[in-house]
Amino acid sequence: MYVTGLVTALRAEASCVSSMSIPFNEMMQINDHAVLWLSGMGAEAARTAAEGLLRQGVTALASYGVAGALDPRLKPGDLVLPGAIIHSADQLPVNMTWRDRLQRLLPTDITVINGVMTDSAVPVTDENAKMDLARFTGACAVDMESGAIAAVAAKAGIPFVAVRAIVDPVQFSPPQALLSAVYPDGGVNPLRLMALLLKRSVHLRALMQMGIGMHAARKTLSRVIQSAGVGLDSQETDRSVA
């Protein structure tokens with residue numbers, strides 16, 4: 001039986017896969033062909049999730065969620081289906097048969113970008129840092145988890161795909177100070193957030209822009225699931241890595 005394991009960092013991403021109550025940091029069965037692991041943010045959390053899914057017998061891994069734009073042409077809601085992930089100076093493969101079949105299933109009004117994605121050990125919250133990362137890597141988008149998941153898949157010799165919707169454009173990034181109010185699954189501590197707003201460390205306008213970006217990204221992620229199913233149509237994928 002083919003079983004796709006989806007790894008999401010944020011609860012807002014995971015809720016695009018299932019409307020059920022989703023546990024944190026453990027596997028959740030979606031159906032006979034798909035399981036979900038809400039890992040929390042960062043490479044180590046994603047690696048733990050991917051390895052946990054392998055132990056449960058998944059036959060393919062998917063990194064599913066949001067990403068930051070490194071290409072100024074990308075806007076919130078655009079979908080990145082990369083052909084490779086840059087991770088620790090290595091370029092890790094995506095299963096192109098799976099990626100291309102998934103792309104063909106999507107509505108034509110979704111803007112899809114291929115190219116290369118890169119990972120980052122820390123949130124990239126500055127326009128200049130984004131531009132530097134783009135020049136250094138040649139990547140069009142960045143996240144913190146896809147590289148770790150791709151590495152686990154490559155080591156295990158199973159197919160991998162990344163499905164990442166743009167949440168923030170190059171010109172805008174979440175305020176660095178906001179990270180102190182965010183829980184590992186992306187939830188927000190309301191008291192801490194209020195303190196940041198009162199101190200003007202975070203501005204309401206920035207929060208509104210973040211909300212608009214997340215709404216656009218989640219809409220795209222939900223449409224991917226509606227079009228391809230929770231298994232992202234991996235059942236017929238050639239079991240080779242690339």
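Helix α4 spans residues 127-137 and has Lys130, Leu133, Ala134 and Thr137 buried in this predicted model. Viewed along the axis of α4, these buried residues fall within an arc of 100 degrees, so they line one face of the helix. An α-helix has 3.6 residues a turn, so residues three or four places apart point the same way. The points below cover helix α4 and then His87 in strand β6.

**Faces and packing of α4**
- The buried residues of α4 pack against five strands by name: β4 (60-69), β6, β9 (116-119), β10 (141-143) and β11 (160-168).
- Asn128, Arg135 and Phe136 are exposed and sit on the face of α4 turned away from its buried side.

**Ends of α4**
- At the start of α4, a side-chain oxygen of Asp126 comes to within 2.9 Å of the backbone nitrogen of Asn128.
- Gly138 follows α4 and has a positive phi, near 75 degrees.

**His87 in β6**
- Strand β6 covers residues 84-87 and includes His87; β6 is also among the strands against which the buried residues of α4 pack.
- His87 has a relative accessible area of 11%, which is under 20%, and therefore counts as buried.
- A polar contact of 2.5 Å joins the side chain of His87 to the side chain of Asp119.
- Beyond its neighbours within four places in sequence, His87 is in contact with Arg47, Leu92, Asp119, Gly147, Ala148 and Ala151.

Conventions
Residues numbered from 1 in each chain as written. Predicted model: local features only at pLDDT ≥ 70, side-chain atom pairs only at ≥ 80, totals over all residues. Heavy atoms only, no water. Helix = DSSP H or I, 4+ residues; strand = E, 2+ residues; numbered from the N terminus. Buried < 20%, exposed > 50% of the residue type's maximum accessible area, 1.4 Å probe, protein only. Polar contact = N/O pair within 3.5 Å; in protein donor to acceptor, adjacent residues only side chain to side chain. Contact = heavy atoms within 4.5 Å. Arc of directions from axis to C-beta.
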